[in-house]
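Please open the model in your viewer and keep the sequence panel beside it, as each stop below tells you what to select next and what is to be found there.

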Amino acid sequence: MEPAGMEPAGLGTGTEGTEPAGTGTGTEGIEPAGMGTEAMEPAGLEPAGLGTAGIEPAGMGANGIEPTGLEPAGLGIAEKEPAGLEPAEMEPAREAEEPPGSPALPAEAPQDGPPAAALSGEGALPGRERERGRRGAGAPGSAGRAARGRARRAPGRRSGAESVRRAGVTVDSSKAKTSLEALKISLRQLRWKEFPFGRRLPCDIYWHGVSFHDSNIFSGQVNKFPGMTETVRKITLSRAMRTMQDLFPLEYNFYPRSWILPEELPLFVAEVRMMKDSNPSWKPTFIVKPDGGCQGDGIYLIKDPSDIRLTGSIQSRPAVVQEYICKPLLMDKLKFDIRLYVLLKSLEPLEIYIAKDGLSRFCTEPYQEPTLKNLQQVFMHLTNYSLNIHSGNFIHSDSANTGSKRTFSSILCRLSSRGADVKKLWSDIISLVIKTIIALTPELKVYYQSDIPAGKPGPTCFQILGFDILLMKDLKPMLLEVNANPSMRIEHEQELSPGVFEHVPSPVDEKVKVAVIRDTLRLMDPQKKKRKDTQNCKLSNSNFSMAAVDILYIDITRRWNSMGIDHKESSNPGMCLQAFVEAFFCLAQKKYKALPLHKQVLSLIELCECRLAAVHGKRLVWGCGLAEPRRALPAAGTAPGPGCTGPPQPHGHRVLRLQKSSQLRALMCRDRTGS
Ligand code: ADP
């Protein structure tokens, strides 16, 4: 454990915050501190949509406690990365997004027909059954029992075949460190096979406590991306956010103005002076945070740039100085922040899920706006659990909606009962999360390509991130930081006598964190991926799997590109036109076997056009907020092609549109679930 920043020294282990990064061996108890292809998995999971997409209501139980689940964030990302997309991401938002605390809407009903049903996190369970499970899980003080109960009930809910299938997934937990306990519970619930001491044979999933490099892995999936810790460090994050703020100031106004020390100290001084000159009534406060620090370590507040502690430490330990948010939303007169769990499932294509529930960490002294007198009061200004646990006012509670650590859904519920627009808040949070990950993506890709170069054997990666968010008085969410290794501990500390702590189970932590890990594992289920790879391409009548389509695409593209043909699309590294034509003819021959070639091609063009028109119509409606789907173009004598249910299109538009190989890829991918 790390000592706290401003005041209390010598602290115990926090259940919250980031696991401090470092060198530990993993035995000492305290650990040193991607666009989608997949359909969603059962229970607890919900696809979320980028800015728009299908956020499922959480279905409040009568006891006011919320279920947790991950939500895929599918937004405009679909627009950016057509290749490899599945309807999850292509299926942008439903109009009525519901935040986790929403009491009104039923949890079980996917609203958009087949694609949404495929995404529904709980698709495997009948609605009422699911609801009952949720209520059981939510009973105060019963999280552990409920979790175990769920595990026992699980076989009854699944078909025998599915139980057998799930037992086949192997997970190496030997490097899980402080997330081990929550991982074990999740694995028991899923009935997956844990290898606590590692395994000589490869495992399907490797669960690392700290970093990608915790062990050498050449296959399977690992729960860390290379370079993530470096990418989300305070300075790197601030730099990435600054770049985006320079490019898109309005889109990225959810991150406080920040300067990097020591290099930007003169800039910081000059800008503050300028702003004060232009607005003499501006009385700002700033927060200084050492780079690489966590759990409040080394943080202090200042009123003036001259107060920066220019001791040796600032030179040796770079920091970020940031505008302090003076008017946070208070609850029970206390400042609090939110820890949300976000799964980066894949970088390419980019696929993001957001857990429906998170934690709210409360200060332990009533909040006052910063003055010279109260600047030092950590229990008033810093929400870190690891600090506030040492306040005499800290309240441990086994209930999700009282005490110094509560579920985020309980906060939403309370806000909702006060008439706050929690739907908008949730959608703002989703867009904050997505924009932040978009800002981090370029750097992550550089690390990824250097550690796992294309064509070399290596694992695929996913990662749970902890987003720390502060709500302003007007409910605007502000990003404080991103944690690469959010604590997954499910116990808290209790002070038996002064300075003597013991660890006791924390039902609130267990409820939220086990759900996050379990849902993450479900999303990463390798057997599901295999199933998907064996799905057939609906552009073909034969047994032509999507994996075979991928191979066809790669083979033809590579062959034509190796011929060195200048295909005038040098900005597009994908298929040249000739390769596209060959692939298209090949698919046409597979689908319309009995026809002469020109009829095969024409039929496939018609089919593709109809589907493109349908996709485009949906994008306009959902992606751009238009009220009506695009109207059909004049038919110009064309009849809908075979299998086409969309509006007919004039011939003149066909070839041009279909020349884009990415569109063909998008079509193929869409067809994976037959949408
Ligand atoms: P650490 O990684 O050390 O926890 P954070 O950036 O999360 O560092 O900051 C610690 C705490 O300080 C936050 O949980 C929050 O309560 C407070 N805090 C951080 N930045 C700001 C800010 N810009 N405005 C107001 N409070 C902040």
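Select F408, L412, L415 and S416 in helix α14, and then V422, L425, W426 and I429 in helix α15, since these two sets meet; contact here means heavy atoms within 4.5 Å. The contact of α14 with α15 divides into 7 nonpolar residues, 1 polar and no charged, where Ala, Val, Leu, Ile, Met, Phe, Trp, Tyr, Cys and Pro count as nonpolar, Asp, Glu, Lys and Arg as charged, and the others, Gly among them, as polar. This is a predicted model, in which local features need pLDDT of at least 70 and side-chain atom pairs count only at pLDDT 80 or more, while totals for chains, interfaces and linings use all residues. Residues are numbered from 1 along each chain as its sequence is written, and side-chain values use heavy atoms, with hydrogens and water left out.

Helices (H or I, at least four residues) and strands (E, at least two) are DSSP runs, numbered from the N terminus. Show α14 (residues 408-417) whole beside α15: their axes come within 10 Å and cross at roughly 140°. Axes are lines fitted to C-alpha atoms, for helices over the stretch in contact, and angles run from 0 to 180 degrees between N-to-C directions.

Next, keep α15 (residues 422-451) on screen and add α9 (residues 234-247), whose axis comes within 9 Å of that of α15 and crosses it at roughly 110°. The two helices are therefore roughly perpendicular to each other, a term for angles of 65 to 115 degrees, whereas those under 35 count as roughly parallel, those over 145 as roughly antiparallel and the rest as oblique. Here T236, L237, A240, M241 and M244 of α9 meet T436, I438, A439, L440 and E443 of α15.

Stay on α9 and colour its buried residues, among them K234, I235, S238 and Q245; buried means under 20% relative accessible area, exposed over 50% and partly exposed in between (1.4 Å probe, protein chains only). What do the buried residues of α9 pack against? Their partners include α8 (228-231), β6 (258-261), β7 (286-290) and β17 (477-483).

Move on to α18 (residues 546-562), where M546, V549, L552, I556, T557 and W560 are buried. The face of α18 turned away from its buried side carries the exposed residues R558 and S562.

Finally, select E181 in helix α7 (residues 180-190). E181 is partly exposed, with a relative accessible area of 42%, and V514 is 333 residues away in sequence but 9.0 Å away in space, C-alpha to C-alpha.

Terms used
Expected span 1.5 Å × (residues − 1).
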